[in-house]
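User: Please take one loop of this model and look at it closely for a reader who has not met the structure before. Then place that loop within the rest of the chain.

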Amino acid sequence: LDKSTRKYLNKRSTGALANSWQATLIRDESGDYSAGAYSDLVYASIHERGGRIFPKKAKNLAIPLTNKARNIGSPRNFPNLQYVSYNGISPRLIEMPSFTAQYALRRWVDIPGTGYISKAGEAAKDDVVAIIGNGVTGLMASQARGPSLIYEI
């Protein structure tokens with residue numbers, strides 16, 4: 001998942017989403033186990049399936065238009081911004097006095113799904129099968145030797 005996240009969602013240099021994945025063991029209703037992964041980040045699933053994002057603390061989302069805006073992050077951290085709207089084009093926050101549009105303001109944005117989690121699962125399928133197969137083989141070999149202690153999961 002780390003590699004797939006970085007490959008398909010390489011938008012931010014922090015890598016917070018790629019670094020957030022944790023392995024887990026999942027037990028279903030019938031008692032069977034499977035391996036899985038999860039992320040505590042709220043935006044992990046929207047990149048997989050897509051969806052509409054609305055602002056939580058403001059009237060509009062501020063979409064960075066320049067590298068300077070991306071590096072600064074929030075318009076609240078940007079000095080000397082002015083609000084401008086013209087010819088029906090979405091409002092912009094511009095830097096004064098150069099009049100360079102730094103952010104576009106939108107009521108919502110639609111995020112297309114990338115399927116990066118599905119792609120990661122498909123790419124890792126053969127490796128996971130090999131790892132599980134090696135684990136089962138090792139378990140069978142240890143039981144043939146007569147283990148002194150067996151852990152039941």
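Analyst: **The loop and its surroundings**

At 56% relative accessibility, Asn 80 counts as exposed, a class that begins over 50%, while buried means under 20% and partly exposed lies in between (1.4 Å probe, protein chains only). The model is predicted, so local features need pLDDT of at least 70 and side-chain atom pairs count only at pLDDT 80 or more, whereas totals for chains, interfaces and linings use all residues. Residues are numbered from 1 along each chain as its sequence is written, and side-chain values use heavy atoms, with hydrogens and water left out.

Asn 80 belongs to the loop that runs between H4 and E5, and although Asn 80 is not a glycine, its phi is positive, at about 60 degrees. Pro 75 is found in that loop too, between helix H4 (67-72) and strand E5 (81-86); helices and strands here are DSSP runs of at least four (H or I) and at least two (E) residues, numbered from the N terminus. Pro 75 has a relative accessibility of 23%, which makes it partly exposed. Its C-alpha atom is separated by 9.4 Å from that of Ile 63, a residue 12 places away along the chain.

To place this loop, it helps to follow the whole chain, which has five helices and eight strands, in the order α-α-β-β-α-β-β-α-β-β-β-β-α from the N terminus on. Of its 153 residues, 20% count as buried. When contacts (heavy atoms within 4.5 Å) between residues at least 6 apart in sequence are considered, 50% join residues at least 24 apart.

Strand E1 (residues 22-27) pairs with strand E2 (residues 33-38) in the antiparallel sense through six bridges, where pairing requires at least two DSSP bridges. In this pair, Gln 22 stands opposite Tyr 38. The two strands form a hairpin with five residues between them, and Gly 31 in its turn has a positive phi of about 95 degrees.

The largest nonpolar core (buried Ala, Val, Leu, Ile, Met, Phe, Trp, Tyr and Cys joined through side-chain atoms within 4.5 Å) consists of five residues: Leu 9, Leu 17, Trp 21, Ala 44 and Tyr 116. In soluble globular proteins, nonpolar side chains tend to be buried together. Once residues up to four places away in sequence are set aside, Ala 44 touches Leu 17, Trp 21, Ser 39, Tyr 116 and Ile 117.

Glu 48 sits in helix H3 (residues 44-49). Glu 48 is buried yet has no salt bridge, and Arg 49, the nearest side chain of opposite charge, is 6.5 Å away; a salt bridge needs a side-chain nitrogen of Lys or Arg within 4 Å of a carboxyl oxygen of Asp or Glu. A polar atom of the Glu 48 side chain lies 2.6 Å from the backbone nitrogen of Ile 117, and beyond its neighbours within four places in sequence, Glu 48 is in contact with Gly 113, Thr 114, Gly 115, Tyr 116, Ile 117 and Ser 118.

The structure does hold one salt bridge, formed by Arg 52 and Asp 110, whose closest N and O atoms are 2.7 Å apart. Because Arg 52 lies in strand E3 (residues 50-53) and Asp 110 in strand E8 (residues 109-112), the pair ties together parts that are 58 residues apart in sequence. Arg 52 is partly exposed, with a relative accessible area of 43%, and Asp 110 is likewise partly exposed, at 48%.

Key:
Lys and Arg count as positive and Asp and Glu as negative; His and the chain ends are not counted. A polar contact is a pair of N or O atoms within 3.5 Å; within protein, one must be able to donate a hydrogen and the other to accept it, and residues adjacent in sequence count only if both atoms are side-chain atoms.
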